[in-house]
Amino acid sequence: MSKANEETRVRLYDRHSLHTMDWPDTEDARYARAYLEPMIMQGTTEYMTNVNTTLLLARIDNLVLPVIVNDEEYDNAYVCSPYTHYVRYAKQELTMLQKPMLEKGLSMLLSLIGWGMKKSRINKVVHVNNWLLSTNLYPAMTAEQATNLLETVKEHYPGHTVIFRSLSSELHPNLITGLQEAGCRSIPSRQIYLYQAYDPNFGNAKSRWLLKRDQALLNKHGYELVSGADISESDIPRIVELYRMLYLEKYSYDNPQFNERFIATARANGTLSLHGLRKEGRLDAVMGYFSRNGVMTTPLFGYDTTIPQSVGLYRMLSACLIGQAQNNRVLLHESAGAAQFKRNRGAIADFEYSAVYDRHLSFRRRWCWALLDRLLNSIGVPLMRRMKL
């Protein structure tokens with residue numbers, strides 16, 4: 001094998017071979033090691049109670065990426081279960097349509113599709129660059145590297161669908177094009193919101209006024225933004241509780257269920273930059289973010305939902321998050337949800353896709369992906385655009 005081919009060859013590592021890995025001396029690789037190595041060695045359920053998956057590492061050139069392998073696991077969080085994402089979670093979100101008859105019809109359709117999905121083993125998948133979070137940030141990766149990863153994973157797991165989640169036309173046009181040319185479908189997953197916080201003039205006068213008003217709520221209600229050493233080990237149970245109140249109880253238990261071990265490890269390793277709103281010694285809101293390749297995202301976000309909405313904890317925490325992105329001069333990926341709120345504060349809507357490769361599988365395994373491709377691109381995306389979800 002030539003030196004050039006050797007450098008671009010993809011290597012996969014599991015918990016038994018991880019000790020042989022030659023870790024690149026890069027910021028991304030150091031982050032990957034701190035975040036992924038504990039979960040590989042001890043198991044993902046030790047950190048996220050509803051995420052049961054086989055976690056591997058892939059190295060290509062100086063890039064280190066997670067690869068996760070599943071066969072069924074229909075009770076998994078949506079981040080690694082297509083069935084949960086496109087059926088169970090989708091059913092829960094139908095209430096946002098606020099049209100009971102349409103909701104009922106779509107729920108029945110989803111139940112029927114879900115039955116067929118299980119028959120076609122839709123959850124027999126391998127995800128590339130899946131960090132088991134709602135948003136997967138990508139390193140500076142070329143289309144050639146992505147297709148090399150695809151080919152290697154396909155060879156190692158010939159009976160699995162191969163998926164690259166969290167691709168958007170704004171952030172990953174070259175990856176989307178390259179994977180499409182390699183035979184991948186582009187299947188929509190959700191509408192997302194991006195803040196161009198690196199631009200000091202992003203938004204308009206109204207959005208800047210709203211952000212300034214939201215920020216002023218901290219002084220009005222006596223909250224202090226704390227971070228680093230001001231968030232102690234004793235705060236960890238409260239952080240888990242605040243995340244549970246918002247992301248699990250208010251939204252869905254099909255989101256990743258972070259436990260105390262996950263938060264403690266993120267705090268110790270610095271894999272999440274933790275910030276919170278504290279008043280009279282009590283932590284009432286928390287966020288944890290990280291950045292990669294000029295993009296920042298916040299997989300940990302929560303607040304005490306028993307405190308009256310008029311206090312504005314969500315507004316305060318969101319303003320602080322945007323402020324952090326402005327200080328770091330990065331693009332803020334604000335994920336999905338709270339669409340009008342984010343639009344009013346200057347966010348730009350985009351669609352997120354999964355690149356799905358299933359050409360090597362039988363028709364019995366492919367039909368559900370073909371159906372999702374057609375339904376979501378022809379009906380789902382126009383509906384979400386029209387309703388600004």
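A residue counts as buried when its relative accessible area is under 20%. The exercises below apply this and similar rules to a predicted model.

**Exercise 1. Decide whether F258 and F262 are buried or exposed, and describe how their rings are arranged.**

Solution. Begin with F262, whose relative accessible area is 4%; because this lies under the 20% limit, F262 is buried. The same limit applies to F258, which counts as buried because its relative accessibility is 7%. Turning to the rings, F258 and F262 form an aromatic pair with 4.3 Å from centre to centre and 5° between the planes. Since planes under 30 degrees apart count as stacked, the pair of F258 and F262 is a stacked one.

**Exercise 2. Classify the aromatic pair of Y35 and W131, and find where its two members lie in the chain.**

Solution. The centres of the two rings are 5.8 Å apart and their planes make an angle of 50°. Planes under 30 degrees apart would be stacked and planes over 60 edge-to-face, and the pair of Y35 and W131 is accordingly tilted. As for position, Y35 belongs to helix α2 (residues 27-42), while W131 is in the loop between β4 and α5 (143-156), so that the pair links distant parts of the chain, 96 residues apart. Both Y35 and W131 are buried. In a wider view, ring pairs join Y35 and W131 into a cluster with Y31, Y243, Y247, Y251, F258, F262 and F290. The ring of W131 also has a charged neighbour, for the charged end of R292 sits over it, 4.2 Å from its centre.

**Exercise 3. Work out the order of the strands in the open sheet, and explain why β1 and β7 each have one side without a neighbour.**

Solution. The sheet has 12 strands with mixed pairing, and their order is β1-β2-β3-β4-β5-β12-β6-β11-β10-β9-β8-β7. Reading this order from its two ends gives β1 (11-13) and β7 (224-227) as the edge strands; each has a single partner strand, and therefore one side of each is left without a neighbour in the sheet. From one strand to the next, the twist averages 30°. Helix α12 (residues 363-387) packs on this sheet, where it touches β4 (125-128), β5 (161-168), β6 (185-195) and β12 (348-357), and its direction makes about 35° with that of β6.

**Exercise 4. Follow the strands from β7 to β10 and state how they are paired.**

Solution. First, β7 and β8 run antiparallel and are joined by four bridges, with S227 standing opposite H275 in β8. Next, seven bridges pair β8 with β9 in the antiparallel sense, and here H275 stands opposite M287 in β9. These two strands, β8 and β9, form a hairpin with two residues between them, and E280 in the turn has a positive phi of about 55°. Finally, β9 (residues 282-292) and β10 (residues 295-303) run antiparallel and are joined by seven bridges; G288 stands opposite L300 in β10. Strand β8 (residues 273-279) is largely enclosed by the rest of the structure, because five of its seven residues are buried.

**Exercise 5. Describe how helix α4 packs against α12.**

Solution. Helix α4 (residues 100-119) packs with α12 at an angle of about 145°, their axes being 8 Å apart, and the crossing is left-handed. The contact is made by I113, G116, M117 and K119 from α4, and by R364, W367, C368, L371, L372 and L375 from α12.

Technical notes
Residues numbered from 1 in each chain as written. Predicted model: local features only at pLDDT ≥ 70, side-chain atom pairs only at ≥ 80, totals over all residues. Heavy atoms only, no water. Pairing = 2+ DSSP bridges. Axes fitted to C-alpha atoms, helices over the stretch in contact; angles between N-to-C directions. Contact = heavy atoms within 4.5 Å. Phe/Tyr/Trp six-rings, centres within 6.5 Å; stacked < 30°, edge-to-face > 60°. Buried < 20%, exposed > 50% of the residue type's maximum accessible area, 1.4 Å probe, protein only. Lys NZ or Arg CZ within 6 Å of the ring centre and 35° of its normal. Left-handed = near helix turned anticlockwise from the far one by under 90°.
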